Amino acid sequence: MMRTEIIYEDADLFVCYKPAGFAAQTASALQADLVSELKNYRKSRGESDYIGLIGRLDQPVEGLMVIAKNPRAAGKLEAAQAAGKIDKYYLAVTQGLPKGSDCGQEADFLDRKGKWICLENDMLFPARGKNARLVTAGTGGAKKARLEYQLLDCSETKDGRALALLRVHLLTGRRHQIRLQLSGLGSPILGDSKYGADPNGQPLALCACQLSFPHPGTGERISYEILPRGTAFGRFKNCLEEGSDGI
């Protein structure tokens, strides 16, 4: 049984849900991943097994991906991505609220709730296997990372620690960008011990929840949206369901 869930399919593309903990693509022929599952799915129907990944999701991240079924569609989608025409939105539960907002200060929370806040940092990517890090502007080899986020809701754990539900609009596509930039605000993503969250063994609370792009065949703009399935989002169920008509 496939772990990859096909949300939509036509002659040019798949829109798929990748579960948390499942790799989009691995170097090992012995390990199942999204690419190998889709190749096998296509071969079982007597089709070409061409699969063109358009962007990636880290293995711990759940959510939506668009995958091309032929080189022409891949070229069109890659060009759209380079031109900033593929919009990606994420939902994240963070350990602590972003700096400048305190769940205990109601006026501040209500003032910030729902407003888009822009965030720009310089990121440095060291040798493979080491964490990316935020650096000062002008650092050699650094790349600009930009996103915007909304504070949607907040909650408290039983021991009184604040948790926040954020909606994130990705404006650049750097590796580990959301994880690192939110950590830089003092609010690492729940379960992300790699970037400062408590090492409590919880899954990473990050979901690619909405994907919007021009169809490579028709040019029509299409959009797909899901609710996250990770358990950390359960405490924000009411907020998520209220906003599920459009992110």
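Let me start with a definition: two strands count as paired if DSSP finds at least two bridges between them. Strands here are DSSP runs of E, at least two residues long, and helices are runs of H or I of at least four, both numbered from the N terminus. On that basis, strand 8 and strand 9 pair in the antiparallel sense over nine bridges.

Quick housekeeping. This is a predicted model, so local features need pLDDT of at least 70 and side-chain atom pairs count only at pLDDT 80 or more, while totals for chains, interfaces and linings use all residues. Residues are numbered from 1 along each chain as its sequence is written, and side-chain values use heavy atoms, with hydrogens and water left out.

OK, back to the strands. Within that pair, D153 sits opposite L165 of strand 9. Strands 8 and 9 make a hairpin with five residues between them, and in the turn G160 has a positive phi of about 85°. On top of that, strand 8 (residues 143–156) pairs with strand 6 (residues 117–124), antiparallel again, over seven bridges. There, I117 faces Y149 of strand 8.

The other hairpin to look at is strand 10 (residues 206–214) with strand 11, which pair antiparallel over five bridges. P214 has R221 as its bridge partner in strand 11. This hairpin has six residues between the strands, and G219 takes a positive phi near 80°. Strand 11 (residues 221–225) has two faces: I222 and Y224 on the covered one, R221, S223 and E225 on the uncovered one.

In the loop between strand 10 and strand 11 you'll find H215. Is H215 buried or exposed? At 10% relative accessibility H215 is buried, where buried means under 20% relative accessible area, exposed over 50%, and partly exposed in between, with a 1.4 Å probe and protein chains only. H215 and L13 are 202 residues apart along the chain, yet their C-alpha atoms are separated by 8.7 Å.

There's another histidine to flag: H176, in the loop between strand 9 and helix 4. H176 has a positive phi, near 60°, and it isn't a glycine. H176 is buried too, at 13% relative accessible area.

Now the holes. Everything runs on a 1 Å grid over the protein atoms alone: a cavity is a set of points where a 1.4 Å probe fits but cannot get out, a pocket is an open set with protein on both sides within 12 Å along at least five of seven lines, and lining residues have an atom within 4 Å of a point. Points are joined across faces, edges and corners, and volume is the space filled by probe spheres set on them.

The largest pocket comes out at about 1100 Å³. Its lining has 34 residues, with R56, D58, G173, R174 and R175 nearest the centre. Elements giving two or more residues to that lining are helix 2 (71–82), strand 5 (87–95), strand 9 (162–170) and helix 4 (177–184).

How big is the largest cavity? Its volume is about 100 Å³. Of its 13 lining residues, L57, L64, M65, K88 and L211 are closest to the centre. Strand 4 (62–68), strand 5 and strand 10 each give two or more residues to this lining.

Last bit: charges over rings, meaning NZ of Lys or CZ of Arg within 6 Å of the ring centre and within 35 degrees of the ring normal. K69 lies over the face of F14 at 4.8 Å from the ring centre, and R229 over that of Y17 at 3.9 Å.
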